[in-house]
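Hi there,

Here is the structure I said I would pass on to you. Have a look at it first, and my notes follow underneath.

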Amino acid sequence: MSSEDEIIMTEETDASERVLLLKGAAFLATAASAGMIAGFGSTLALAKKRSPGWFNKGVVASAAVPESGASLALRALGWGSLFAWGGVGLLGAAVWKLLDVHSFSEFRHKMATFFPSIKSNSTASSEPLDWDSMIAPKPK
């Protein structure tokens, strides 16, 4: 194999890793958004079910209540989302810096040294799982 072939193969693997990374980011963003919408919707439905009178009073602003419940809830959702995303980002950045990694593949390899590997068996066996072999440290 010539060095030109190796460069082409490296570029192809880099491109496939980028596509895989983008697919993973899209999946995580979709799952997080779906969870936030489902949580907000179910909380709103529960509040309306428990006290429909108070819920209807909170829909429109009045003299007694200067801010509608819906705008208050949306403001709280915005701040909560900001804190949640910021906290996870800060936690991720802290772990990234503590591990002293410079790429996602390096991060994956570093995490593989900390956590036990899960061996995949192509055939399902009826015998019980040997947990000692599953959590045994990797040989160096």
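The loop between α3 and α4 (104–114) is where D100 is found. Please keep in mind that this is a predicted model. The backbone of D100 caught my eye: its phi is near 55°, a positive value in a residue other than glycine. For context, most residues other than glycine have a negative phi.

Next, the aromatic rings. How many aromatic pairs does a search of the whole structure find? The search comes back with three. In the pair of W79 and F83, the ring centres are 5.8 Å apart and the planes stand at 35°, so this pair is tilted; the tilted class covers angles that are neither under 30 degrees nor over 60. W79 and F83 both sit in helix α3 (residues 69–99), and because they are four residues apart there, about one helical turn separates them. Are these two residues buried or exposed? W79 has 48% relative accessibility and so counts as partly exposed, while F83, with a relative accessible area of 59%, is exposed. The cut-off for exposed is over 50%.

W96 and F104 make up an aromatic pair of the edge-to-face kind, with 5.4 Å from centre to centre and 70° between the planes. W96 is partly exposed, at a relative accessible area of 25%. Its partner F104 has 53% relative accessibility, and therefore counts as exposed. There is also a cluster here: ring pairs link W96 and F104 with F107.

Finally, the pocket, which may be of interest for your own calculations. The largest pocket holds about 440 Å³ of space. It is lined by 14 residues, and the closest to its centre are L28, A29, W85, V88 and G89. Which elements give two or more residues to this lining? They are α1 (3–50) and α3. Helix α3 supplies the largest share of the lining, with seven residues. As for chemical character, the lining of the largest pocket has twelve nonpolar residues and two polar ones, and no charged residues.

To pull the threads together, helix α3 holds the tilted pair of W79 and F83 and contributes seven residues to the lining of the largest pocket, and the loop between α3 and α4 contains D100 with its positive phi.

Happy to talk any of this over.

Best wishes

Technical notes:
Residues are numbered from 1 along each chain as its sequence is written. This is a predicted model: local features need pLDDT of at least 70, side-chain atom pairs count only at pLDDT 80 or more; totals for chains, interfaces and linings use all residues. Side-chain values use heavy atoms; hydrogens and water are left out. Rings of Phe, Tyr and Trp (its six-membered ring) pair if their centres lie within 6.5 Å; planes under 30 degrees apart count as stacked, over 60 as edge-to-face and the rest as tilted. Buried means under 20% relative accessible area, exposed over 50%, partly exposed in between (1.4 Å probe, protein chains only). On a 1 Å grid over the protein atoms alone, a cavity is a set of points where a 1.4 Å probe fits but cannot get out, and a pocket is an open set with protein on both sides within 12 Å along at least five of seven lines; lining residues have an atom within 4 Å of a point. Grid points are joined across faces, edges and corners, and a volume is the space filled by probe spheres set on the points. Ala, Val, Leu, Ile, Met, Phe, Trp, Tyr, Cys and Pro count as nonpolar, Asp, Glu, Lys and Arg as charged, and the others, Gly among them, as polar.
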